[in-house]
Amino acid sequence: MKYLDEFGNPELAHKLVDEIHAATTRPWAMMEVCGGQTHSIIRHGIDQLLPDGVEMIHGPGCPVCVTPLEIIDKALAIAAQPGVIFCSFGDMLRVPGSSQDLFAVKSAGADVRVVYSPLDALTIARDNPSRPVVFFGIGFETTAPANAMTVYQARRLGVPNFSLLVSHVLVPPAVAAIMESPRCRVQAFLAAGHVCSVMGTGEYPPLAAKYRVPIVVTGFEPLDILEGIRQTIVQLEAGEHEVRNAYPRAVRAEGNPAAMAMLDDVFEVTDRTWRGIGMIPRSGWRLAAKYREFDAEERFDVAGVRAAESPLCRSGEVLQGLLKPHQCEAFGKQCTPRSPLGATMVSSEGACAAYYAYRRLELVQL
Amino acid sequence: MKYLDEFGNPELAHKLVDEIHAATTRPWAMMEVCGGQTHSIIRHGIDQLLPDGVEMIHGPGCPVCVTPLEIIDKALAIAAQPGVIFCSFGDMLRVPGSSQDLFAVKSAGADVRVVYSPLDALTIARDNPSRPVVFFGIGFETTAPANAMTVYQARRLGVPNFSLLVSHVLVPPAVAAIMESPRCRVQAFLAAGHVCSVMGTGEYPPLAAKYRVPIVVTGFEPLDILEGIRQTIVQLEAGEHEVRNAYPRAVRAEGNPAAMAMLDDVFEVTDRTWRGIGMIPRSGWRLAAKYREFDAEERFDVAGVRAAESPLCRSGEVLQGLLKPHQCEAFGKQCTPRSPLGATMVSSEGACAAYYAYRRLELVQL
Amino acid sequence: MCLAVPGRILSIAEADGVPMADVDFGGVRKSVCLQYVPDASVGEYVVVHVGFAIQLLDERSAQETLANFEKMGLIEEEFGEVPR
Amino acid sequence: MCLAVPGRILSIAEADGVPMADVDFGGVRKSVCLQYVPDASVGEYVVVHVGFAIQLLDERSAQETLANFEKMGLIEEEFGEVPR
Amino acid sequence: MTAGLDFENWTCPVPLRDTPTVVMGHGGGGAMSAELVEHLFLPAYGPAVQGDSAVVPVGAERIAFSTDSYVVKPMFFPGGSIGDLAVNGTVNDLAMSGATPLYLSVAFILQEGTPLAEIGRIAAAVGAAARAAGVRVVTGDTKVVDNGSGDGVYLNTAGVGLVAAGVDIGAHRAAAGDAVLISGDIGVHGVAVMSVREGLEFDTTVVSDSAPLHGLVAAMLGTGADIHTLRDPTRGGVAASLNEIARAGAVGVELAEPALPIPAAVADACSLLGLDPLQVANEGKLLAFVPSAEADTVLAAMRAHPHGAGARQIGTCVAEHPGMVVARTALGGTRVVNMPIGEQLPRIC
Amino acid sequence: MTAGLDFENWTCPVPLRDTPTVVMGHGGGGAMSAELVEHLFLPAYGPAVQGDSAVVPVGAERIAFSTDSYVVKPMFFPGGSIGDLAVNGTVNDLAMSGATPLYLSVAFILQEGTPLAEIGRIAAAVGAAARAAGVRVVTGDTKVVDNGSGDGVYLNTAGVGLVAAGVDIGAHRAAAGDAVLISGDIGVHGVAVMSVREGLEFDTTVVSDSAPLHGLVAAMLGTGADIHTLRDPTRGGVAASLNEIARAGAVGVELAEPALPIPAAVADACSLLGLDPLQVANEGKLLAFVPSAEADTVLAAMRAHPHGAGARQIGTCVAEHPGMVVARTALGGTRVVNMPIGEQLPRIC
Ligand code: SF4
Ligand code: SF4
Ligand SMILES: [Mg+2]
Ligand SMILES: [Mg+2]
Ligand SMILES: [Mg+2]
Ligand SMILES: [Mg+2]
Ligand SMILES: [Mg+2]
Ligand SMILES: [Mg+2]
Ligand SMILES: [Mg+2]
Ligand SMILES: [Mg+2]
Ligand SMILES: [Mg+2]
Ligand SMILES: [Mg+2]
């Protein structure tokens with residue numbers, strides 16, 4: 001794929017690795033916020049190429065992982081209702097709720113469908129006017145415009161059987177929450193490129209300034225990640241804490257104004273609980289009053305659904321960079337991708353799953 | 001089965017056959033009204049044992065056969081509606097409507113279920129309160145009490161999702177209609193035993209008197225049928241035209257008062273079209289006003305369903321005894337049990353199907 | 001039409017306000033509604049159609065009918081004529 | 001999160017009042033909503049996530065980035081130091 | 001591109017024209033099933049061996065090879081389960097070619113939502129039945145399909161058996177003069193399954209007769225008699241099997257109805273539901289066509305075997321009315337025993 | 001009653017405990033499928049040959065015997081249909097044992113409502129594929145099931161092939177020092193099917209690679225090389241097959257990621273959907289483990305065959321990390337190539 005494959009070029013990667021080694025004089029701990037970056041780092045073995053002491057901490061950047069248990073349980077309850085067509089992105093299907101996952105609900109007879117885009121769910125709703133169709137609208141700022149547009153279209157085109165189960169979360173409040181943690185070891189951030197494609201970079205300078213951390217907006221291919229790391233280390237070594245954009249082909253400082261306008265129309269900021277982390281004030285979006293009639297939580301009676309997380313699971317600490325996945329007692333024992341205990345083992349991009357999938361060799365050899 | 005098997009005893013049958021031969025001096029044509037009797041006659045080869053010239057004419061006694069095309073089409077339309085559970089006796093499933101049958105509607109996704117008793121359909125309705133459950137309530141006086149009771153229970157127990165698609169027909173008006181036909185060759189009737197178990201024999205003396213035909217209430221096992229024939233021939237030979245009960249173990253003159261009271265409560269007399277015959281005034285039952293809310297024709301919008309029968313099919317004449325099935329041009333060609341053109345080929349008791357099933361040997365050897 | 005068979009009542013119990021019987025048809029048992037034969041009791045035979053007893057079976061009459069058939073040949077042999 | 005890939009717009013047509021494009025991702029084509037890149041035109045690259053273009057891809061910037069990477073080694077070799 | 005069929009202007013062969021889509025009757029083992037094979041599958045596959053199993057050469061040996069899928073609902077029924085059927089059904093199809101069954105494949109298609117415990121019970125039944133029959137399950141497969149028609153399991157078994165030199169059994173060998181034998185009671189399996197079928201439930205003492213019959217066949221072959229034809233009358237019952245043989249062998253079959261071993265409980269269930277016992281499925285019975293002169297010898301060997309204790313002659317093979325099965329009724333009349341059309345339906349009126 | 005399993009207190013073997021019912025993942029060809037076989041089926045059947053086909057003696061000969069069911073939706077996809085798959089899949093399973101495929105059984109399970117015209121097209125595809133592969137369809141079966149998950153067809157084929165004297169191929173023979181070869185491009189079939197899967201539809205030039213591979217195997221055996229192991233990496237892809245072989249052979253496998261022949265169109269589709277090409281199904285490719293010294297000879301023979309033109313070495317078999325597959329990435333890092341767990345799901349975030 002053009003503008004993708006080129007950014008995996010091994011020769012250029014080695015140049016960047018050399019640059020990183022050349023620039024590094026001390027240990028540094030930086031967090032890649034985004035699960036997609038975590039995936040790429042482990043998938044390509046990028047962290048194995050870094051100087052000793054340069055540590056990548058995997059942040060709370062997988063929306064599948066951080067979607068609160070309670071919302072999953074509500075999704076399961078809604079999907080199980082007779083007649084409902086419950087549409088979701090594929091990787092939400094094996095996220096465990098309190099006692100089961102969407103696969104299990106589907107196997108018990110629910111009509112659960114994997115779609116590529118929320119617009120596909122809207123099409124399904126129009127094709128099945130007599131059945132309630134619900135889309136599971138999770139995601140960060142990157143995904144929110146797609147879901148917003150779908151609700152906007154549902155209202156505009158009059159698709160009353162469509163509704164959205166919304167659980168959007170926002171990156172900057174999470175960055176702030178991580179930095180506020182007393183045990184925080186994070187010295188710099190790779191910011192999530194595609195989040196910034198939508199939102200721009202304007203929210204980061206205050207954070208960089210307040211917490212005195214460099215923040216480099218970073219892409220997802222090996223060269224992108226290495227460049228993000230390189231720019232971060234250069235700043236760290238220089239004692240700087242600026243916001244830099246290492247992903248300029250996809251990120252503009254002002255973000256995407258059309259998408260931001262739609263988000264402003266459809267959503268409003270709300271407090272959100274992050275799975276494994278807890279409640280972060282003003283860290284999510286919910287449907288604005290004007291669109292509340294499309295809120296699946298309002299339409300289906302799931303207000304009574306309550307859930308508590310597994311006491312064994314330390315994904316909160318993992319997500320905050322306080323713990324490496326394999327340092328969790330349950331890792332690889334009670335908790336595997338087959339039977340994940342916590343959110344970070346659920347998604348193939350979750351920090352625990354990524355460790356399990358790609359690093360098992362090293363771990364067994366430890 | 002006790003009180004069943006004994007009435008198939010071959011030795012006694014031969015005694016009765018001998019009696020019939022001994023009693024017969026001339027050709028006679030009599031009609032067995034009931035399809036169950038037709039089935040038994042052909043199944044056991046009883047007509048092959050009768051004296052030459054004693055002819056059994058197969059009457060309109062199979063409710064599956066005479067259910068009008070239009071009602072079948074309404075059944076198909078209702079069954080095809082999403083969410084509906086359509087319950088039926090088994091042999092209605094392959095009765096062709098204008099263009100398909102319940103099997104085809106089922107194969108296209110409809111939820112069509114075979115039940116043994118209408119009460120089973122009521123149970124299904126109570127188990128599926130969110131889905132409309134319809135029972136296809138066809139039949140003569142024998143079956144009507146079962147359907148009546150089911151509607152009565154639906155009302156009493158409050159099962160609002162249950163309804164009945166009613167197409168009940170009555171024997172005595174059909175007997176009268178047959179006798180009124182100018183080409184009628186019927187000289188005597190074997191009356192349907194189980195109809196009389198419910199209704200008694202009171203309706204027959206006026207018919208016997210008016211049309212000067214002996215009427216013998218007859219059972220279904222070989223000995224019962226032979227005895228019915230024997231008593232008929234004895235009367236015919238003697239020039240009598242009385243009503244006799246050759247099935248006293250199951251038929252009382254007064255019928256079943258409890259069943260008749262229920263029928264009186266739930267149903268009211270109406271004109272009915274008989275498939276292959278036409279409209280016979282006051283020859284059927286429909287739900288009384290008090291139970292009209294359980295009428296599937298009211299509940300589902302099928303008033304617009306209209307149907308016309310195949311012009312090739314001569315089942316009307318067959319049913320009236322004016323034609324033997326194999327004398328129909330379409331018999332065994334365009335019309336077989338696999339792909340029945342007319343009602344009498346549909347049911348395994350229909351006169352045409354019975355001929356096709358059990359007499360094909362003779363026919364090919366003709 | 002109207003396939004109805006004789007069965008013997010094994011037990012009676014009420015369900016939803018209706019008398020229901022466990023009826024034995026030789027090798028088969030099925031639940032049957034007795035609403036229309038309110039006087040039927042355990043041990044008696046009923047004629048059953050689509051799950052409903054539509055009539056009590058008159059056992060004595062059944063036996064008489066069979067006995068008449070048995071006699072037929074005899075009378076014929078003895079007297080050489082057909083009785084009515 | 002946020003798997004997004006670059007694709008080239010092959011054609012644009014309106015559906016339900018929304019601009020939709022046929023987008024080529026090398027070996028794959030898919031229909032993509034252009035609502036958020038109203039200025040995009042045929043031949044341009046967009047960054048696509050769950051069926052939506054979330055940004056125009058800046059081709060010149062992409063090439064500059066790659067060119068910078070290419071240069072890096074050279075500069076290092078030539079000047080022996082890391083540029084910023 | 002494909003065997004001369006024109007899919008642009010597809011028209012079904014005449015006997016299928018009635019219905020452009022699959023209906024339940026196509027799986028009933030009767031006329032609709034047969035027509036699907038004759039008019040759709042065989043033309044597509046080219047020359048193929050008919051019957052329930054094929055006898056083909058492999059190197060220096062001859063093997064019998066057979067397959068069947070099992071979709072019975074409910075999966076557990078009085079006297080057995082889908083697991084027993086899947087083993088015994090294929091073992092019997094091999095045995096009906098005179099083969100010694102050796103190996104089975106077992107392929108599960110699971111509907112999501114099926115309890116694993118049920119699959120475990122079925123697998124255990126497969127293993128137990130295979131051990132009982134002395135065959136080995138040597139290969140298998142598992143697929144999962146979407147939950148649609150509720151939970152459940154479809155099972156396919158294929159089997160390989162060794163055919164001894166000189167053994168030649170097949171419907172084409174049925175000849176006028178043959179005695180038609182059955183190994184025991186008719187209609188037992190079908191009634192057992194029907195008694196637990198949704199919507200028809202009844203209590204009965206009847207339990208499935210599912211059993212492996214190759215031991216019985218070996219005993220019959222051991223007499224040295226020239227056994228012409230063997231068939232296990234499963235789906236579609238005795239009626240379907242005899243009609244198939246009559247057609248394949250171009251012979252007539254004449255049954256003596258009073259000789260049919262129909263147990264009272266089967267007859268009673270059929271009376272209640274309006275079914276014909278000759279159309280009801282069997283799973284542990286076989287029909288044999290043997291020269292009349294050897295019938296007594298073969299019957300004696302059958303009766304000496306546990307699965308043939310109830311063996312008896314039920315009819316004869318005649319030159320008249322080839323392709324047709326006729327029954328002489330107890331009263332002395334005749335009736336044609338037709339090929340069942342599709343699904344067996346309870347007749348209520 | 002059945003093999004020591006206690007159904008009153010049924011508890012699933014540990015790895016199945018996670019889910020008490022069947023979920024789609026049990027059919028994905030990955031870890032869940034394998035555990036079902038290992039912990040549920042094998043204990044029930046007793047000692048059984050593992051792998052995709054069994055090699056067993058029949059009289060004086062050795063045959064390979066294999067079965068697979070096909071439940072692919074949609075039934076027609078770019079480059080083929082369920083009918084081609086059903087023939088080639090079983091032909092290939094036989095070929096992977098080094099057998100010459102001879103006979104197939106074909107069993108249809110039809111959902112009511114399926115157009116007969118579609119069944120005709122599938123049957124024609126079966127016939128055409130069988131002729132192309134030089135195998136004969138000799139026996140079959142048809143069943144019909146209730147309409148539930150919509151119309152459709154499930155297909156089972158079983159196959160019998162003859163194994164020549166001296167041929168011994170199996171996962172147990174994989175040995176450290178073996179070269180790991182693949183016959184051509186990876187992930188082609190899976191992407192072709194995904195492109196028409198409901199909810200994911202995309203346009204692509206990729207068409208299924210479904211093909212019969214016994215000719216290629218014959219060419220490889222013809223070199224006289226001591227081929228240790230063959231496997232067609234179908235469901236679960238190269239990742240699943242290599243993990244299975246690594247476990248069965250108690251060897252480690254080391255892949256060189258840059259050597260993997262992943263066509264751009266497959267890579268692009270996987271990038272778009274967030275899938276791993278190593279987990280994507282193939283239907284006309286094989287993996288071969290051969291002693292390194294003979295790798296070039298075998299590769300030359302493969303490249304000379306139409307179905308092996310793209311053959312290349314993708315890795316080696318090592319004594320380290322037995323049971324584990326490791327890939328060295330283009331950047332020089334390593335990652336474990338895991339056994340896929342269940343269903344492959346598009347990853348969106
Ligand atoms: S390994 Fe599992 S239990 Fe431990 S922190 Fe990760 S998700 Fe939680
Ligand atoms: S044979 Fe068919 S067409 Fe002719 S009268 Fe009978 S039902 Fe009608
Ligand atoms: Mg078979
Ligand atoms: Mg069979
Ligand atoms: Mg058979
Ligand atoms: Mg398999
Ligand atoms: Mg012959
Ligand atoms: Mg196989
Ligand atoms: Mg296979
Ligand atoms: Mg294989
Ligand atoms: Mg079969
Ligand atoms: Mg080894």
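Are F:Asp68 and F:Asp93 buried or exposed? Both are buried, and the first view below takes us to them. Please keep in mind as you look around that this is a predicted model.

**View 1. Two aspartates of chain F hold a magnesium ion.** Here the magnesium ion (ligand 9) is coordinated by F:Asp68 (OD) and F:Asp93 (OD), at 2.3 to 2.4 Å. F:Asp68 sits in strand E2 (residues 61-70) of chain F and F:Asp93 in helix H2 (residues 82-95) of chain F, so this pair ties together parts that are 25 residues apart in sequence. There is also a second ion to find: the magnesium ion (ligand 6) is 4.1 Å from the magnesium ion (ligand 9), and F:Asp68 coordinates both.

**View 2. Five strands of chain F make an open sheet.** Follow the strands in the order E1-E2-E7-E5-E6 (chain F), and you will see that their pairing is mixed. Strand E1 (53-58) and strand E6 (136-145) of chain F stand at the edges with a single partner strand each, so one side of each has no neighbour in the sheet. From one strand to the next, the twist averages 20 degrees. Strand E5 (residues 99-111) of chain F pairs with E7(F) in the antiparallel sense, over twelve bridges. To spot one such pairing, look for F:Ser105, whose bridge partner in E7(F) is F:Ala158. H2(F) lies across E1, E2, E5 and E7 of chain F and runs at about 150 degrees to E2(F).

**View 3. Backbone oxygens of chain F meet another magnesium ion.** Which protein donors does the magnesium ion (ligand 12) have? They are F:Ala174 (O) and F:Gly249 (O), lying 2.4 to 2.6 Å from the ion. F:Ala174 is in the loop between strand E7 (152-163) and strand E8 (178-182) of chain F, while F:Gly249 belongs to helix H6 (residues 237-249) of chain F, so the pair ties together parts that are 75 residues apart in sequence. F:Ala174 and F:Gly249 are both buried.

**View 4. Six strands of chain B form an open sheet with helices packed on it.** The strand order is E4-E3-E5-E6-E11-E10 (chain B), with mixed pairing. At the edges stand strand E4 (111-114) and strand E10 (267-274) of chain B; each has a single partner strand, so one side of each is left without a neighbour in the sheet. On average, neighbouring strands of this sheet are turned by 25 degrees against each other, direction ignored. E10(B) and strand E11 (residues 278-287) of chain B run antiparallel and are joined by seven bridges. Look for B:Thr273, which stands opposite B:Met279 in E11(B). Helix H6 (residues 118-127) of chain B packs on the sheet, touching E4 of chain B along with strand E3 (85-88), strand E5 (133-139) and strand E6 (162-169), and its direction makes about 170 degrees with that of E5(B). Helix H8 (residues 171-180) of chain B also packs on the sheet, where it touches E6, E10 and E11 of chain B, and its direction makes about 175 degrees with that of E11(B).

**View 5. A buried aspartate in chain A has no salt bridge.** A:Asp73 lies in helix H4 (residues 69-79) of chain A. A:Asp73 is buried, yet the nearest side chain of opposite charge, A:Arg275, is 7.4 Å away. Among the residues that A:Asp73 touches are A:Gly97, A:Ser98 and A:Val305.

Technical notes: Residues numbered from 1 in each chain as written. Chains lettered and ligands numbered in written order. Predicted model: local features only at pLDDT ≥ 70, side-chain atom pairs only at ≥ 80, totals over all residues. Heavy atoms only, no water. Donors = N, O, S within 2.8 Å, 3.2 Å for Na, K, Ca; no water. Helix = DSSP H or I, 4+ residues; strand = E, 2+ residues; numbered from the N terminus. Buried < 20%, exposed > 50% of the residue type's maximum accessible area, 1.4 Å probe, protein only. Lys, Arg positive; Asp, Glu negative; His and termini not counted. Salt bridge = Lys/Arg side-chain N within 4 Å of Asp/Glu carboxyl O. Contact = heavy atoms within 4.5 Å. Pairing = 2+ DSSP bridges. Axes fitted to C-alpha atoms, helices over the stretch in contact; angles between N-to-C directions. Lists of a residue's contacts leave out its neighbours within four places in sequence.
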